[in-house]
Amino acid sequence: MRVLICGGTGFLGKHIVNALSQLGHDPMVRSRHSSPALDFARCTTPDQWLEHLQNIDAVINAVGALRDKPDQDLQTLHMKAPAALFEACAQAGVRRVVQVSALGVDKSETLYATTKRAADDYLLALGELGQLTPVVVRPSIIFGGGGSSSKLFLLLAGLPVLPLPSVMRSAHIQPVAVRDLAEVLAKMAVSTTPAGVIEIGGPEPVSIERFIASLRSQMEYGPARVRLLPDWLSKASASLGDHLPWMPWCSEAAALLENNNITNPQTLADLLGRAPVDIRDMLATLPKGGRLHA
């Protein structure tokens with residue numbers, strides 16, 4: 001099958017391309033530098049998408065950002081452009097659409113969550129009308145080489161003294177290896193089942209503090225000395241991150257952590273047909289040169 005991957009040059013997208021190729025399918029990646037060129041955030045009407053859907057059998061939308069940037073706002077990136085894409089798929093007869101969302105968007109009122117949720121709902125509504133066969137995948141934290149959150153976790157894991165906002169001790173996540181998630185998404189694109197909303201988390205719910213400690217152990221370092229930041233300093237650090245586009249820790253991220261980011265771990269294992277990568281083996285999934293050391 002020929003599958004269009006929106007966001008195919010990004011962190012998750014590159015792994016999806018590889019997973020589709022390994023399954024014997026034909027991944028198609030479009031960007032501003034491809035031919036034909038595609039600027040995702042500027043394709044906000046179905047007509048702009050139709051030329052990119054010729055001879056396409058399925059679509060995976062893996063485009064996303066944590067916050068607004070000068071050249072892309074989340075309302076356009078997460079909702080307007082995807083809605084136009086979904087409408088175009090219905091017009092072009094491309095029935096299978098896989099939307100990569102995020103675990104917890106149904107429980108948060110952040111800009112990230114509300115714009116992602118709006119696109120999810122739009123796609124599912126087209127499915128209810130019988131125009132598409134959609135699946136919305138909501139994963140927990142994704143870990144792998146090249147991921148911005150992963151880089152931050154690895155950096156923190158290398159510190160002998162670890163300053164942490166208190167929410168990183170109380171909030172729980174279910175880290176999922178990017179290669180496991182990519183494999184699931186690739187399989188979903190070339191199948192008509194499952195459909196609807198699928199929540200995906202790794203094999204074990206952990207606090208962010210414990211996950212960082214696990215990474216540190218995998219680096220063969222002893223336990224770090226943890227210093228919990230007072231609330232005012234935690235908020236100040238998040239506000240500082242708002243002004244650093246490369247920093248995944250920001251006010252939006254802090255607000256998203258107000259709810260636990262966990263789900264049934266068996267879902268991922270069932271979809272893979274094997275045991276997923278354990279948090280204690282996450283470091284081994286990184287490519288050579290992708291690890292940080294203190």
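Me: Where is asparagine 55 found?

Reply: Asparagine 55 sits in the loop between helix H2 (46-50) and strand S3 (58-61). Helices (H or I, at least four residues) and strands (E, at least two) are DSSP runs, numbered from the N terminus. The model is predicted: local features need pLDDT of at least 70, side-chain atom pairs count only at pLDDT 80 or more, and totals for chains, interfaces and linings use all residues. Numbering starts from 1 along each chain as its sequence is written, and side-chain values use heavy atoms, without hydrogens and water.

Me: Why is asparagine 55 called exposed?

Reply: Its relative accessible area is 61%. Exposed means over 50%, buried under 20%, and partly exposed in between (1.4 Å probe, protein chains only). Asparagine 55 therefore counts as exposed. Its phi is positive, about 65°, although the residue is not a glycine.

Me: What makes glutamate 220 exposed?

Reply: A relative accessible area of 73% puts glutamate 220 in the exposed class. Its place is the loop between H8 and strand S12 (225-229). Phi is near 70° here, again a positive value in a residue other than glycine.

Me: Why does glutamine 174 count as buried?

Reply: Its relative accessibility is 0%, so glutamine 174 counts as buried. It lies in the loop between strand S8 (172-173) and strand S9 (176-177). Beyond neighbours within four places in sequence, its contacts (heavy atoms within 4.5 Å) include Ser140, Gly201, Glu204, Asn261 and Pro265.

Me: How do you know that H8 is largely enclosed by the rest of the structure?

Reply: Eight of its 11 residues are buried, so H8 is largely enclosed. Among them are Ile208, Phe211, Ile212 and Leu215, along with Glu209 and Arg216. Helix H8 (208-218) is also one of the elements that the buried residues of H5 pack against. Those residues in helix H5 (148-157) are Ser150, Leu152, Phe153, Leu154, Leu156 and Ala157.

Me: Why are H3 and H4 called roughly parallel?

Reply: The axes of helix H3 (74-92) and helix H4 (111-128) cross at roughly 10° and come within 8 Å. Axes are lines fitted to C-alpha atoms, for helices over the stretch in contact, and angles run from 0 to 180 degrees between N-to-C directions. Under 35 degrees is roughly parallel, over 145 roughly antiparallel, 65 to 115 roughly perpendicular, and the rest oblique. H3 and H4 are therefore roughly parallel. Residues at this contact include Phe86 in H3 and Tyr122 in H4.

Me: What makes the largest nonpolar core a core, and which residues have the most contacts inside it?

Reply: A nonpolar core is a set of buried Ala, Val, Leu, Ile, Met, Phe, Trp, Tyr and Cys residues joined through side-chain atoms within 4.5 Å. The largest set here has 34 residues. Cys6, Trp49, Leu53, Val59, Leu85, Phe86 and Cys89 have the most contacts inside it. H3 gives the largest share, 10 residues. Leucine 85 touches Cys6, Trp49, Leu53, Val59 and Asn61, residues up to four places away not counted.

Me: Why is the protein chain as compact as a globular protein of its length?

Reply: Its radius of gyration, taken over C-alpha atoms, is compared with the globule rule, 2.2 Å times the number of residues to the power 0.38. The chain has 19 Å, close to the 19 Å the rule gives for 294 residues, so it is as compact as a globular protein of that length. Of those residues, 50% count as buried.
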